[in-house]
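Student: I should like a close look at a single part of this model, the zinc site, and then at the parts of the structure beyond it. Please set the account out as one connected description.

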Amino acid sequence: MNKIEHIGIAVKDIEASNELFRSLFGEAHYKIEDVESEGVKTSFFKCGPNKIELLQATSEDSPIAKFLEKKGEGIHHIAFAVEDIENEIKRLKKEGFKMIHETAKKGADNKLIAFLHPKSTNGVLIELCQDIRE
Ligand code: ZN
């Protein structure tokens, strides 16, 4: 695993949170993206070399809707950059980690992604992400 790619924050109202984080960083988000398969709307901010992803649910059965219901707004996941996501999934499964996604899927921001189950990572939801190479 390489660096932290981004930190995901679950929000109720992404428009209001875009304003809030714009004030915080002194710079607006650089991208908004709907990920229909996950039932989320995302926006991305740069903060120096790091990124913050805001996530708002777009449907009631979205994982973000469930998270907000249970825990309220706050840090939702930490994403780590990997070179070869399929190999990394294989390696982690061999190490005994439970995956939410057994194979990589297309995520926001031109990435292949897979989530680990937080039950096997001390309650932290971890996302692997690999750049999609053309
Ligand atoms: Zn993410």
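Tutor: What follows describes the zinc site, and then the pocket, the cavity, a helix and two loop residues. The model is predicted.

The zinc ion has four protein donors, namely His6 through NE2, Glu53 through OE, His77 through NE2 and Glu127 through OE. These donors lie 2.1 to 2.2 Å from the zinc ion. Along the sequence, the donor residues follow the spacing H-x46-E-x23-H-x49-E. One pair among them, histidine 77 in strand 5 and glutamate 127 in strand 8, links distant parts of the chain, since 50 residues separate the two. Both histidine 77 and glutamate 127 are buried. As for geometry, the angles subtended by the four donor atoms around the zinc ion run from 84 to 173°, and the arrangement is therefore irregular. A tetrahedral assignment would require every angle to lie between 85 and 135 degrees, and the range of 84 to 173° passes beyond those limits.

The next topic is the open space in the model. The largest pocket has a volume of about 670 Å³. Its lining comprises 31 residues, and those closest to the pocket centre are Pro63, Ile64, Phe67, His76 and Leu125. Two or more lining residues come from each of strand 3 (40–47), strand 4 (50–57), helix 2 (63–71), strand 5 (74–81), strand 7 (111–116) and strand 8 (126–131). Helix 2 gives the largest share of this lining, with six residues. Sorted by class, the lining of the largest pocket has 17 nonpolar residues, seven polar residues and seven charged residues. Strand 5 and strand 8, which contribute to this lining, also hold histidine 77 and glutamate 127 respectively.

Enclosed space is a separate matter. Searching the whole structure finds one cavity of 30 Å³ or more, and the largest cavity holds about 30 Å³ of space. Its lining is formed by Ile14, Glu15, Asn18, Ile32, Lys41, Thr42 and Ser43. Helix 1 (14–25) and strand 3 are the elements that each give two or more residues to this lining. By class, the cavity lining has two nonpolar, three polar and two charged residues. Strand 3 is thus named for the lining of the largest cavity and is also among the elements that line the largest pocket.

Helix 3 shows how burial is arranged around a helix axis. Within this helix, residues 85–94, the buried residues are Ile85, Glu88, Ile89 and Leu92. Viewed down the axis of helix 3, these buried residues fall within an arc of 100°, so they line one face of the helix. Lys90 and Lys94 are exposed, and they are carried on the face turned away from the buried side of helix 3.

Two asparagines complete the description. Most residues other than glycine have a negative phi. Asparagine 110, by contrast, has a positive phi near 60°. This residue sits in the loop between strand 6 (105–106) and strand 7. With a relative accessible area of 36%, asparagine 110 is partly exposed. Asparagine 122 likewise has a positive phi, of about 55°, although it is not a glycine. Its place is in the loop between strand 7 and strand 8. The relative accessibility of asparagine 122 is 79%, so this residue counts as exposed.

Notes
Residues are numbered from 1 along each chain as its sequence is written. This is a predicted model: local features need pLDDT of at least 70, side-chain atom pairs count only at pLDDT 80 or more; totals for chains, interfaces and linings use all residues. Side-chain values use heavy atoms; hydrogens and water are left out. On a 1 Å grid over the protein atoms alone, a cavity is a set of points where a 1.4 Å probe fits but cannot get out, and a pocket is an open set with protein on both sides within 12 Å along at least five of seven lines; lining residues have an atom within 4 Å of a point. Grid points are joined across faces, edges and corners, and a volume is the space filled by probe spheres set on the points. Helices (H or I, at least four residues) and strands (E, at least two) are DSSP runs, numbered from the N terminus. Ala, Val, Leu, Ile, Met, Phe, Trp, Tyr, Cys and Pro count as nonpolar, Asp, Glu, Lys and Arg as charged, and the others, Gly among them, as polar. Donors are N, O and S atoms within 2.8 Å of the metal (3.2 Å for Na, K and Ca); water is not among the atoms, so sites may look incomplete. Four donors count as tetrahedral if all angles lie between 85 and 135 degrees; four count as square planar and six as octahedral if opposite donors are over 155 degrees apart and all others between 65 and 115; anything else is irregular. Buried means under 20% relative accessible area, exposed over 50%, partly exposed in between (1.4 Å probe, protein chains only). The arc is that of the directions from the helix axis to the C-beta atoms.
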